[in-house]
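Okay, thanks everyone for squeezing me in. I'd like to walk you through an interface today, so let me get the picture up on the screen.

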There are 2 protein chains.
Amino acid sequence: MSHPFLSDAAVGFLPSPVRDVWELSMQPGMVSLAGGNPDLRLNDLGWMEEAAARAIAERGPEVLQYGAGTGLAGLHEAIVEVMAAEGVHAAPESIQVTAGSQLALDLLTKLLFARGDTVLAEAPTYVGALGVFGGAGVVVEHVGMDDDGLRPDALREQIDRLAALGRRPRALYTVPNFHNPTGISLAAERRPEIVEICRQAGIPIIEDNPYGQLAFGEHRVPSLHSFDPELVIYLGSFSKIMAPGLRVGWASAPAWLRRPLQLASESAVICPSVLSQELARAFVARGGWRETVAGAAAEYGRRAEALQSTLLPLLPAGAALTAPRGGFFSWLTLPEGWSSAGLLDDAVDQRVVFVPGASFYADGSGERQFRLAYSLEAPERLEEGALRLGRALDAYAGTLEPAGL
Amino acid sequence: MSHPFLSDAAVGFLPSPVRDVWELSMQPGMVSLAGGNPDLRLNDLGWMEEAAARAIAERGPEVLQYGAGTGLAGLHEAIVEVMAAEGVHAAPESIQVTAGSQLALDLLTKLLFARGDTVLAEAPTYVGALGVFGGAGVVVEHVGMDDDGLRPDALREQIDRLAALGRRPRALYTVPNFHNPTGISLAAERRPEIVEICRQAGIPIIEDNPYGQLAFGEHRVPSLHSFDPELVIYLGSFSKIMAPGLRVGWASAPAWLRRPLQLASESAVICPSVLSQELARAFVARGGWRETVAGAAAEYGRRAEALQSTLLPLLPAGAALTAPRGGFFSWLTLPEGWSSAGLLDDAVDQRVVFVPGASFYADGSGERQFRLAYSLEAPERLEEGALRLGRALDAYAGTLEPAGL
């Protein structure tokens, strides 16, 4: 991808591993545990046919014209309502609507980092964040996590280690709820501690929360944002609870960030699709969205359970599978010496695909881990996928036997 | 806008002067010659009510879900048809659909420039390009233009001058058709010369063409792209011919740029709004779009003529007004010693607004120039605006009389 006209930065943009596996997952008969797409059949979007037609008929000159830089009038309040449903409190004037929360991350990367700067992120982390950071020449330093999420002791250690090298991270990027790719949530009692560590070290936090609404059961944890709204930049999205194809997300930004974020968004896209914004506004304004989302979350829970209960008995000794209580993903760690990239070949032979773990690390680790998405297939298909994965594990294990013994 | 958490880059994002004048232009009774918005009443968008409803009903799982990285299937061919209507020939596989052509410019800036690199651009140039370049720390060096557009001799001189300083521009950014802000088009005979100068100097060209379809009469000029599709990156948009609120634009990229551009777009927004893309596709596929666009262009021509014919007799000696043959803008140069920022105060007193010229230069020049947009007001309102502007010119001229004489 090198060419004399391309900047050094151009080589930093890497293909998404999810896109890479996509072709495989489209093969007939394949059970895909790869993509992190919401199942739109659960999101009940029939109302949108009429809403879109009405928006164009009645408000065409507004929803088809250039829109306001911070977002469509009325959408900020709707977003505040969505956040409040999770117990997150923000003022409408803190909200910058973005063309997907992915763009919010891109804009924040421009505004917080110079090339060569450092960002902290969970180990593993969202592959799309790695892509943005890589493209901007921002160095990702991972922070260890366990079943309760990001480890405060590991965060402190990493900050101290970097400080000894003269490096101060410019931000912590974290997905605290139903984390992508592991499905793990950050324990409530760790949250104020994480914020306090960052506050003392002068490190702002990017709290990326696309999955928080998709709890399978009770999930009342405080947002990181609630402990210090001037330190924590909160990202939300309509992609998982409504429709990713509209590309509407948002940032709730501290006061010091609002004006730069608006100007950076205007510079990048002028405004997000106004028709999309109007549909997101209507999604909230028409009411009933919480029930729809709760119904979808319950179904995702059934899917997670179908995958878990079938797969767990088939795992080899030394393997570990996370038990998510919300979101789209679980995370499988293979025994020492196994390779998830190697296993993928056997899995494809068995007609099941997943995303190997190395994609979720900046440092190439994760070789014996992989992500399983259960969001898009029905429970019986997930059970079938788990059975196939079990056969793939057996086949792969066979190749590991010492030759000739 | 400085804060310890913000990067140095954050101060490079500047407010759009068009947004600044926007508040003024919204005052009741104001004639706005400020914004460059298309008049959607001319774009005949009633068909879109049904098209949007049908897309959601029949193709909901596609248009509401994450979409392909290079754009919606079928849209590339539709874009090729749009380009062909202007005599520009491109292959579907060269097309990267973007969330507005503004984002294409942002992505190109990431891919072609490092901070401190140089870009060439007309003097004056599109203010949104100045915003993107400024945010990325790219230094804009202007190239003089006259009534036939960018001057080849000035381009050669600027390249030589910079070379003597050890600086090689990384690209030329140009709006060759009905240029924003001047309305001027690059003469046909200059086009191969411009491309050849850049080719010899190893400078790729960004040919930004949002207005080319909006010729008032015959306008058959070759694109820069046609002379060297491996050197010229062509940007197009549905914003002016269809609906800016959808945010759909594109780049037709040389082979060396396609993969990096796709990855950079995926990194920034995953994909553009898929529903928006489907409506853009339908706009072309349903047929009749050329007639609609031609009808709109003819009306814009009547508006340009209404503004011109009323304003010209009211101009002071030494003033000059460009005579656009397409697009949305004309450009007024005041006599020596006059200030367009100063005139704006008198104009607002007379209830008419425009965008002062300094906004369209990176170097603060343009103080006696300003942009007049005629796209959004009816002819009789434009005549009224011209009369008001004439009175403002008189009032402003009065303040310039030497005191006490």
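Let's start with one pair of side chains. K110 of chain A makes a salt bridge with D106 of chain B, and the closest N and O atoms there sit 2.6 Å apart. Keep in mind that this is a predicted model. In total, the count between chain A and chain B is two salt bridges. Polar contacts add to the picture: 30 residue pairs across the interface, both partners at pLDDT 80 or more.

So which helices of chain A supply at least two residues each to the side that touches chain B? That would be helix 2 (47-63), helix 4 (101-112), helix 5 (127-135), helix 8 (255-269) and helix 9 (274-285). Helix 8 of chain A gives the most, with 10 residues. If you sort that side of chain A by class, you get 49 nonpolar, 16 polar and 10 charged residues.

Now, how much area is buried between the two chains? About 5900 Å², and carbon and sulfur atoms give 63% of that. In residue terms, 75 residues of chain A are in contact with 75 of chain B.

Last bit: symmetry. A turn of 180° with a shift of 0.0 Å along the axis lays chain A on chain B, with an RMSD of 0.0 Å. That is how a two-fold axis relates its copies. And the same surface serves both copies, since 100% of the contact residues of chain A recur in chain B.

That's me done, happy to rotate the view for anyone.

Note on methods: Residues are numbered from 1 along each chain as its sequence is written. Chains are lettered from A and ligands numbered from 1 in the order in which they are written. This is a predicted model: local features need pLDDT of at least 70, side-chain atom pairs count only at pLDDT 80 or more; totals for chains, interfaces and linings use all residues. Side-chain values use heavy atoms; hydrogens and water are left out. Contact means heavy atoms within 4.5 Å. Buried area is the accessible area (1.4 Å probe) that two parts lose on being put together, summed over both. A salt bridge is a side-chain nitrogen of Lys or Arg within 4 Å of a carboxyl oxygen of Asp or Glu. A polar contact is a pair of N or O atoms within 3.5 Å; within protein, one must be able to donate a hydrogen and the other to accept it, and residues adjacent in sequence count only if both atoms are side-chain atoms. Helices (H or I, at least four residues) and strands (E, at least two) are DSSP runs, numbered from the N terminus. Ala, Val, Leu, Ile, Met, Phe, Trp, Tyr, Cys and Pro count as nonpolar, Asp, Glu, Lys and Arg as charged, and the others, Gly among them, as polar. Copies are superposed by least squares on the C-alpha atoms of residues with pLDDT of at least 70 in both.
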